[in-house]
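Visitor: I should like to learn how the features of a protein model are read. Could we go through them in turn?

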Amino acid sequence: MQFGRYYEEFEVGAVYKHWPGKTVTEYDDHLFCLITMNHHPLHLDSHYAEETTDFGKNVVVGNYIYSLLLGMSVPDVSGKAIANLEVESLKHVKPTFHGDTIYGETEVLDKTPSKSKDDRGVVYVETRGYKQDGLIVCTFRRKVMVPKRSYGETRGGEQPGRPVPHE
């Protein structure tokens with residue numbers, strides 16, 4: 001199974017549909033909020049959300065959805081990355097709630113060979129996250145520096161650093 005892609009494998013216009021999706025639980029949302037010290041009651045206090053918000057229930061913190069989508073995209077996009085260079089834009093388009101299932105897909109918008117090193121290039125992508133009903137909830141664009149095949153071959157191929165079993 002392939003993990004990530006070499007520069008030569010990216011094609012402008014290609015869309016990678018990340019699989020599987022992830023159902024967001026209250027636990028996921030609360031743990032992420034607590035780890036990141038985001039204690040906003042919109043995410044943690046169901047009574048507050050019911051009584052004082054337009055949604056009438058807790059909203060999943062947006063940065064969790066972004067992080068989830070970023071993680072989902074790694075096997076298809078940045079699994080071989082040398083560096084994540086930039087997040088150009090991040091839009092939380094619609095709210096996500098406990099029990100929603102998030103799916104993601106990434107489109108290759110552009111690719112540019114490196115000007116300083118001939119063994120790598122920069123891939124420009126947009127990731128879209130959507131719920132079980134297809135409603136888009138989050139989009140972001142980023143640039144990722146990925147190796148060419150020559151880079152991978154000089155550093156151990158598909159699974160660099162993997163030990164050889166012996167007795």
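**Reading the model**

Guide: The largest nonpolar core comprises 14 residues, and those with the most contacts inside it are Val 24, Tyr 64, Ile 65, Leu 68, Leu 69, Ile 102 and Cys 138. Please keep in mind throughout that this is a predicted model.

Visitor: Which elements each supply at least two residues of this core?

Guide: Helix H4 (62–78) and strand S5 (136–147) each do so. H4 gives the most to this core, with 6 residues. Apart from this core lies another, of 9 residues, among them Tyr 7, Tyr 16, Val 108 and Val 146.

Visitor: How is the surrounding of a single core residue read? Which residues does Ile 102 touch, not counting residues up to four places away in sequence?

Guide: One lists the residues with heavy atoms within 4.5 Å. With those sequence neighbours left out, Ile 102 touches Gly 21, Lys 22, Val 24, Ile 65, Leu 68, Leu 69, Met 72, Thr 96, Tyr 130, Lys 131 and Val 137.

Visitor: Thr 96 appears in that list. Where does Thr 96 lie, and is it buried or exposed?

Guide: Thr 96 lies in the loop between strand S2 (83–92) and S3. Thr 96 is buried, with a relative accessible area of 3%. On the same exclusion of residues up to four places away in sequence, Thr 96 touches Val 59, Val 60, Ile 65, Ile 102 and Val 137.

Visitor: Let us turn to cysteines. How many disulfides does the structure hold?

Guide: A disulfide requires two cysteine sulfur atoms within 2.5 Å. The structure holds 0 disulfides. The cysteine sulfur closest to that of Cys 33 belongs to Cys 138 and is 15 Å away, which is too far for a bond. The reading from the other side agrees: Cys 138 is in no disulfide, and its nearest cysteine sulfur is that of Cys 33, 15 Å away.

Visitor: Are Cys 33 and Cys 138 buried or exposed?

Guide: Cys 33 is buried, with a relative accessible area of 0%. Cys 138 likewise counts as buried, at 0% relative accessibility.

Visitor: How should salt bridges be read, and how many does the structure hold?

Guide: The criterion is a side-chain nitrogen of Lys or Arg within 4 Å of a carboxyl oxygen of Asp or Glu. The structure holds 11 salt bridges. In one of them, Glu 105 pairs with Lys 17, with 3.4 Å between the closest N and O atoms. Glu 105 lies in strand S3 (residues 101–113) and Lys 17 in strand S1, so this pair ties together parts that are 88 residues apart in sequence. Glu 105 counts as buried at 13% relative accessibility, whereas Lys 17 is exposed, with a relative accessible area of 59%.

Visitor: What does the salt bridge between Arg 128 and Glu 107 link?

Guide: This pair links distant parts of the chain: Arg 128 is in strand S4 (residues 120–131) and Glu 107 in strand S3, 21 residues apart. The closest N and O atoms of Arg 128 and Glu 107 are 3.3 Å apart. Arg 128 is buried, with a relative accessible area of 13%, and Glu 107 is partly exposed at 24%. Through shared partners, salt bridges join Lys 17, Glu 105, Glu 107, Glu 126, Arg 128 and Arg 141 into one network.

Visitor: Which residue forms a salt bridge with Asp 119?

Guide: The partner is Arg 120, with the closest N and O atoms 2.8 Å apart. Both Asp 119 and Arg 120 are buried.

Visitor: What should one look for in the backbone?

Guide: Most residues other than glycine have a negative phi, and most peptide bonds are trans. Here, a cis peptide bond joins Trp 19 and Pro 20, with omega about 0 degrees. Pro 20 is found in strand S1 (residues 15–23). Met 37, a residue other than glycine, has a positive phi, near 60 degrees. Met 37 is found in the loop between H1 and helix H2 (41–44), and counts as exposed at 65% relative accessibility.

Visitor: Finally, which residues form a nonpolar patch on the surface?

Guide: Tyr 27, Leu 31 and Ile 35 form it, with about 360 Å² of accessible area together. Tyr 27 is found in helix H1 (residues 26–35). At 60% relative accessibility, Tyr 27 counts as exposed.

Methods. Residues are numbered from 1 along each chain as its sequence is written. This is a predicted model: local features need pLDDT of at least 70, side-chain atom pairs count only at pLDDT 80 or more; totals for chains, interfaces and linings use all residues. Side-chain values use heavy atoms; hydrogens and water are left out. Patches are made of residues with over 30% relative accessible area and no salt bridge: like charges are joined within 9 Å, nonpolar side chains (Val, Leu, Ile, Met, Phe, Trp, Tyr) within 5 Å. Accessible areas come from the Shrake-Rupley method with a 1.4 Å probe; for residues, only the protein chains shown count as cover. Helices (H or I, at least four residues) and strands (E, at least two) are DSSP runs, numbered from the N terminus. Buried means under 20% relative accessible area, exposed over 50%, partly exposed in between (1.4 Å probe, protein chains only). A nonpolar core is a set of buried Ala, Val, Leu, Ile, Met, Phe, Trp, Tyr and Cys residues joined through side-chain atoms within 4.5 Å.
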